[in-house]
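Work through the exercises below with the sequence and the coordinates at hand. Each task is followed by a stepwise solution.

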Amino acid sequence: MAHFRAFFTFLLDKAVLNINPIPRSYLKLFFRQSDFSTGRKWHLFSKDEVAALRKELLKEYKSSTVANSVSKLALLVDTYLGLRPEELQVLKFDQLVKYEGSYTFKIDNSWSEKDKKPNGSLKDRPKGAYRYCLPIKNNEIIDLIKEFQIKQKKYLDEYGLKNTSGYIFLNLHNYRSISSNNQLPVTQGSLNDKLKDVCSKAGIEKQENSVLALYSLRVYLSSLLGNDNRISNMYACQRMGNTIQVFLSTYVKENRESYKQNSQLWSC
């Protein structure tokens, strides 16, 4: 149904149709609310958990070889950006820019795990469209990225290889892909596995009936943005790459600190 709606929307834009025969909320027309499941629930990190996660990632990154440090640096960077996994995979060194007084990434592409190649665009965006990510205010992270670029080049030079893709998180264990025209970044599976491993070492236990994965970092940062009255929702949507409807309904949850505080304030 979603594909049909997208197809008919295309025909609407071409003035072939006057109305889309597939309604926007088609499932709600065909099913009762009680027929729906609650869906996937992402683990919602607390601020203390993210601080512990960053500390453990930084410790492991500094004690790892260049080839084994890629996924750790990727996760560390994502605790500040909250990117979709497919966006994180294809971050490039030359996309690190200074914008509005802070370092951030200017991204315009995403990765297809199925096709093992870039999609050529961001999710639900035309080719060539770009967006600025959340600003990274921690200069140590910026320094790590710049230092890693030097380390990565030195590592590849030793094997007579080059990073022609420009990917920061290039899979340094896959020499065949590095030497080919289609260089591969670290996989989403390896990133999710490393996240779970590091969380375990940091003493972080996932919430009951929840999923601990990269998207948990995205939900965490989105919730911080959505619960901060100083920050406009439009700014948050632009930086996270969502429509305001999706941002508020899917990603913004009450953060665990404010939820606990509200419970303490309530009396009757």
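**Exercise 1: a buried pair**

The side chains of Glu87 and Arg84 meet in a salt bridge, N to O at 2.8 Å; a salt bridge here is a side-chain nitrogen of Lys or Arg within 4 Å of a carboxyl oxygen of Asp or Glu. The model is predicted: local features need pLDDT of at least 70, side-chain atom pairs count only at pLDDT 80 or more, and totals for chains, interfaces and linings use all residues. Residues are numbered from 1 along each chain as its sequence is written, and side-chain values use heavy atoms, with hydrogens and water left out.

Task: Are Glu87 and Arg84 buried or exposed?

Solution. Step 1: apply the cut-offs, which are buried under 20% relative accessible area, exposed over 50% and partly exposed in between, with a 1.4 Å probe and protein chains only. Step 2: both Glu87 and Arg84 are buried.

**Exercise 2: salt bridges of helix α3**

Task: Find the salt-bridge partner of Lys59 and explain the spacing of the two residues along the helix.

Solution. Step 1: Lys59 pairs with Glu56, and their closest N and O atoms are 3.4 Å apart. Step 2: the two are separated by about one helical turn because they sit three residues apart in helix α3 (residues 47-62); helices are DSSP runs of H or I with at least four residues, strands are runs of E with at least two, and both are numbered from the N terminus. Step 3: Lys59 is exposed at 53% relative accessibility, whereas Glu56 is buried at 11%.

Task: Which residue forms a salt bridge with Glu60?

Solution. Step 1: the partner is Lys201, with the closest N and O atoms 3.4 Å apart. Step 2: this pair links distant parts of the chain, Lys201 being in helix α8 (residues 188-201) and Glu60 in helix α3, 141 residues apart. Step 3: Glu60 counts as buried, at 9% relative accessibility. Step 4: salt bridges with shared partners join Glu60, Lys194, Asp197 and Lys201 into one network. Step 5: the whole structure holds ten salt bridges.

**Exercise 3: surroundings of Ser110**

Task: Where does Ser110 lie, and what does it contact?

Solution. Step 1: Ser110 is in the loop between β2 (102-107) and β3 (111-112). Step 2: Ser110 is buried, at 4% relative accessibility. Step 3: a polar atom of the Ser110 side chain lies 2.7 Å from the backbone oxygen of Ser121. Step 4: leaving aside neighbours within four places in sequence, the contacts of Ser110 (heavy atoms within 4.5 Å) include Glu86, Glu87, Val90 and Pro118.

Note on methods:
A polar contact is a pair of N or O atoms within 3.5 Å; within protein, one must be able to donate a hydrogen and the other to accept it, and residues adjacent in sequence count only if both atoms are side-chain atoms.
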